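Student: Please take a close look at how the helices pack in this structure. Where a metal site belongs to the picture, include that as well.

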Amino acid sequence: MAQDQIEALRRMIAEAGRAVVFTGAGISTESGIPDFRSPGGIWTKYQPIMFQDFVASEEMRREAWRRKFATDETMRKAEPNRGHRAVEKLVRIGKVSSVITQNIDGLHQASGVPAEKVIELHGNTTYAKCLDCGERMELDAVRQCFVVEDRLPVCEGCGGVVKTATISFGQAMPEQEMRRAQIETLACDLFIVLGSSLVVYPAAGFPITAKRNGARLAIINREPTELDDFADLVLNREIGPTFGDAVGVN
Ligand code: NAD
Ligand code: ZN
């Protein structure tokens, strides 16, 4: 049964001319980064901080940076796993045109996918940015300021508020990334979802767009997702062993 499903996925990939991979937090759990919605996931511990609250309140900014540095060790130590390596292979051989990700961990780039082929819908938590002028600030500098000197980080250039380079709830989606993701979605004939519960919009709209536009849709996710009934192939299995097998990567 499992082998049949993996074979079906292998065939779908072989038949595709241009595939897109769409990833969520589930592809990184095998690297030791918890997802949001699984038991023990981040949301069993924390309520998300809304963008408006981060901007409006110093206390919220302090709380956000406290959380960031409480979890940063895990993020820094994390390395790409078999699922990331399988995706990288498909990009390298030209089967996958781009990787649309909801993840903020930078592990696709760390696995060797060229940065220009990774579309980060929710930004990146491995560095920070000024909300006013966009100037980049490294986490080491934020750590020095916040952890060592007990001050909130501010932009060196313009004095603006500094935040991790992620998109929070309540924050506008990045326009260029949304546009690129839309173009890639409409150009593919196979759309592969790896490790997303597909409940966060607008990100979860891309598999729907792909399918409506005539692409095949494959979903690999441990638990059922919102879009399983809509897909051509659903594998409710672990990503690393399943996708690694299908693509032939260890
Ligand atoms: P999610 O937590 O809503 O869903 C993850 C899904 O992956 C779950 O349905 C779970 O069953 C599945 N899963 C977990 N481990 C798996 C595995 N090894 N194999 C197969 N399936 C597995 O995550 P989401 O849909 O990506 O959305 C939540 C938001 O959280 C995203 O927008 C993202 O920005 C953010 N987030 C990112 C990270 C990260 O960068 N690694 C981690 C946590 C949350
Ligand atoms: Zn600035």
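Tutor: What follows goes through three helix pairs and then a zinc site. The model is a predicted one. Two packed helices are described by the angle between their axes and the distance between the axes, and that is the order of description used here.

Start with helix α9, residues 239-247, and helix α1, residues 2-15, whose axes cross at roughly 50° and come within 9 Å. An angle of that kind falls outside the parallel, antiparallel and perpendicular classes, so α1 and α9 are oblique to each other. Their crossing is right-handed. On the α1 side the contact is made by Q3, I6, L9, R10 and I13, and these meet T242, F243, D245, A246 and V247 of α9. Sorted by class, the residues of this contact are six nonpolar, two polar and two charged.

Helix α9 also packs against helix α4, residues 82-92, with the two axes coming within 7 Å and crossing at roughly 30°. Angles under 35 degrees count as roughly parallel, and α4 and α9 are therefore roughly parallel to each other. The crossing of α4 and α9 is left-handed. From α4, the residues R82, G83, A86, V87, K89 and L90 take part, facing I239, G240, P241, F243, G244, D245 and V247 of α9. The contact of α4 with α9 holds seven nonpolar, three polar and three charged residues. F243, D245 and V247 of α9 are listed in the contact with α1 and also in the contact with α4.

The remaining pair is helix α3, residues 58-77, with helix α6, residues 139-148; their axes cross at roughly 130° and come within 11 Å. That angle makes α3 oblique to α6. The crossing of α3 past α6 is left-handed. Helix α3 contributes R62, W65, R66, K68, F69, D72 and R76, while α6 contributes L139, V142, R143, F146 and V147. This contact divides into six nonpolar and six charged residues, with no polar ones.

Last comes the zinc ion (ligand 2). Its protein donors are the SG atoms of C130, C133, C155 and C158, which lie 2.3 Å from the ion. The spacing of the donor residues in sequence is C-x2-C-x21-C-x2-C. Why is the arrangement around the zinc ion (ligand 2) tetrahedral? The four donor atoms subtend angles of 101 to 118°, and four donors count as tetrahedral if all angles lie between 85 and 135 degrees.

Definitions and conventions:
Residues are numbered from 1 along each chain as its sequence is written. Chains are lettered from A and ligands numbered from 1 in the order in which they are written. This is a predicted model: local features need pLDDT of at least 70, side-chain atom pairs count only at pLDDT 80 or more; totals for chains, interfaces and linings use all residues. Side-chain values use heavy atoms; hydrogens and water are left out. Axes are lines fitted to C-alpha atoms, for helices over the stretch in contact, and angles run from 0 to 180 degrees between N-to-C directions. Helices (H or I, at least four residues) and strands (E, at least two) are DSSP runs, numbered from the N terminus. Angles under 35 degrees count as roughly parallel, over 145 as roughly antiparallel, 65 to 115 as roughly perpendicular and the rest as oblique. A crossing is left-handed if the near helix is turned anticlockwise from the far one by less than a right angle, and right-handed if clockwise. Contact means heavy atoms within 4.5 Å. Ala, Val, Leu, Ile, Met, Phe, Trp, Tyr, Cys and Pro count as nonpolar, Asp, Glu, Lys and Arg as charged, and the others, Gly among them, as polar. Donors are N, O and S atoms within 2.8 Å of the metal (3.2 Å for Na, K and Ca); water is not among the atoms, so sites may look incomplete. Four donors count as tetrahedral if all angles lie between 85 and 135 degrees; four count as square planar and six as octahedral if opposite donors are over 155 degrees apart and all others between 65 and 115; anything else is irregular.
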